[in-house]
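Before reading on, please take a moment to look at the model from several sides. The paragraphs below start from a single residue and then move outward to domains, chains and one helix.

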2 protein chains.
Amino acid sequence: MAAWSERLAGVRGVLLDISGVLHDSGEGGGGRVPIPGSVEALARLKRSQLKVRFCTNESQKSRGDLVGLLRHMGFDISEGEVTAPAPATCLILKERGLRPHLLIHDGIRSEFAQIDTSNPNCVVIADAGESFSYQNMNKAFQVLMELDNPVLISLGKGRYYKETSGLMLDVGAYTKALEYACGIKAEVVGKPAPGYFQSALQEMGVESHEAIMIGDDIVGDVGGAQRCGMRALQVRTGKFRPSDEHHPEVKADGYVDNLAEAVDLLLQYAHQ
Amino acid sequence: MAAWSERLAGVRGVLLDISGVLHDSGEGGGGRVPIPGSVEALARLKRSQLKVRFCTNESQKSRGDLVGLLRHMGFDISEGEVTAPAPATCLILKERGLRPHLLIHDGIRSEFAQIDTSNPNCVVIADAGESFSYQNMNKAFQVLMELDNPVLISLGKGRYYKETSGLMLDVGAYTKALEYACGIKAEVVGKPAPGYFQSALQEMGVESHEAIMIGDDIVGDVGGAQRCGMRALQVRTGKFRPSDEHHPEVKADGYVDNLAEAVDLLLQYAHQ
């Protein structure tokens, strides 16, 4: 692999995943704790000339609640710096006149407060956690089966995420279940959908070849960003597993122990 | 399409699906009611020279409980005439020294009474109904992720079935969720797995080209049987939907209103 100086040359903007990069999650999405060194690393990054934006698939909490939690942990972050799937979904719903049946976590319901959910003509599925009961899944399934043209919008397609208690099933698994049962294909809003990365890049004002993604998900973060022409680093925190470094399809532009190491390298070698 | 006389000529054995052919299911698998004409049609079929066997993916109830229910409804059926996925799975588990974590309905737990479930080295998933909670799904996921060589055995791969209250998600949807989350492929025991149809044919003592399957599932019953060299009829009862008659991949050898019509035709045209 080329030297870091070569791999990071010309980087002007950094997209950061949040869960597994800034913090680890406790049980039930509560009890989140900063990953050692990340608070300080983010502060250093933001003091540099590099542009920074956050690009998350978080779909259990509203953007406001998420930012509140992160600030409480000491992170320098504001709501306007975060690209999140729920606000992006609301734009799509309004543009297309879609009225969703919501299979979502109560923590994110406020994001959809302005959306008409009467007489649904689509289903929106997010990381509902414990709300992925058989009854709730079956209701979403029945809504889809009654539509002539069933539309399923999935906030991300993650396989799993990591809480302190262990790996947890993410929305992607439940989206696959509905896709199979209904014989349809979901529209994904979130990583690794190319449009989602592109809107984050636009909001940051940086071209893809000048941007780097830092995430803990080899497929969703690294593979997705690379398919958009960006570079991508995987951190060995969060849901990282050693086998990710030998993934059959995706090879990161670099693997680092944590955000702190990534920032060290970026401050040393970007812009060259 | 050829005349019935041609399509049914030479049939010596009949494989019957149970749910949606003999009976419809009430809410929660309870309150099952015979489909009009089916009790009498089965009686006529069994008085004929045709061999009859039942081939079901039922995985919420033990074979004994299922047969008890059917006999109570008036059907002429005994346990030895039924090919069901749970007993077939137990044979596989014993042969391969597999100790399952069971993600199943309580109603079928007795089938696994003789199976060692300590220190699991595989997961068995069946139609667990309300037991498909997030917690139970996540536990099965975690067991699989901790195995070096994760083995997932799925009792059938049905997309959905019909209860009187509406369409209900079947095991196949949840199997897809675990396959996606773990990056693995499940082994299916049940229709439409070829080995499953073949064991039912062996138990009936009839070659595939002399056998016909009657079911309500265009893919699992009709498509699966045809891939084994059998003929297959779809009944317009149970989970049948009018669009099934224009399925893009599977075309039944005939569509009939119900089991009674199928038996009328078989008694008239088989054996010729």
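Is Asp217(A) buried or exposed? Asp217(A) is buried, with a relative accessible area of 16%, where buried means under 20% relative accessible area, exposed means over 50%, and partly exposed lies in between (1.4 Å probe, protein chains only). This is a predicted model, in which local features need pLDDT of at least 70 and side-chain atom pairs count only at pLDDT 80 or more, while totals for chains, interfaces and linings use all residues. Residues are numbered from 1 along each chain as its sequence is written, chains are lettered from A and ligands numbered from 1 in the order in which they are written, and side-chain values use heavy atoms, with hydrogens and water left out.

To find Asp217(A), look in the loop between strand 12 (211-215) and helix 8 (218-227) of chain A; helices (H or I, at least four residues) and strands (E, at least two) are DSSP runs, numbered from the N terminus. Its side chain reaches the backbone nitrogen of Gly220(A) at 2.8 Å. If neighbours within four places in sequence are left aside, Asp217(A) is in contact (heavy atoms within 4.5 Å) with Val222(A), Gln234(A) and Lys239(A).

Lys239(A) appears again when we turn to the domains of chain A, where Ser59(A), Gln60(A) and Lys239(A) supply 33% of the area that domain 1 buries against domain 2, more than any other three residues. Chain A is divided into domain 1 (7-83 + 192-269) and domain 2 (85-189), with bounds that come from an automatic or database domain assignment. The centres of these two domains, taken over C-alpha atoms, are separated by 24 Å, and their contact takes 20 residues from domain 1 of chain A and 24 residues from domain 2 of chain A. Between them an area of about 1,900 Å² is buried, of which carbon and sulfur atoms give 52%; buried area is the accessible area (1.4 Å probe) that two parts lose on being put together, summed over both.

The interface between chain B and chain A can be read in a similar way. Here the contact takes 30 residues from chain B and 29 residues from chain A, and the buried area is about 2,700 Å², with 63% given by carbon and sulfur atoms. In chain B, the residues that lose the most area to chain A are Tyr134(B), Leu169(B) and Tyr180(B), which together make up 32% of what that side buries. Across this interface the rule finds 0 salt bridges, a salt bridge being a side-chain nitrogen of Lys or Arg within 4 Å of a carboxyl oxygen of Asp or Glu. The elements that give two or more residues to the side of chain B touching chain A are helix 5 (134-145), strand 9 (160-163), strand 10 (166-169) and helix 6 (171-182) of chain B, and the largest share, 8 residues, comes from helix 6 of chain B.

Finally, consider helix 9 (residues 259-269) of chain B, whose buried residues are Leu259(B), Ala260(B), Ala262(B), Val263(B), Leu265(B) and Leu266(B). These buried residues pack against several elements of chain B, including helix 1 (4-8), helix 2 (38-47) and strand 14 (254-256). At the start of helix 9 of chain B, a side-chain oxygen of Asn258(B) reaches to within 3.2 Å of the backbone nitrogen of Ala260(B), and just after helix 9 of chain B, His271(B) takes a positive phi of about 70 degrees.

Definitions and conventions
Polar contact = N/O pair within 3.5 Å; in protein donor to acceptor, adjacent residues only side chain to side chain.
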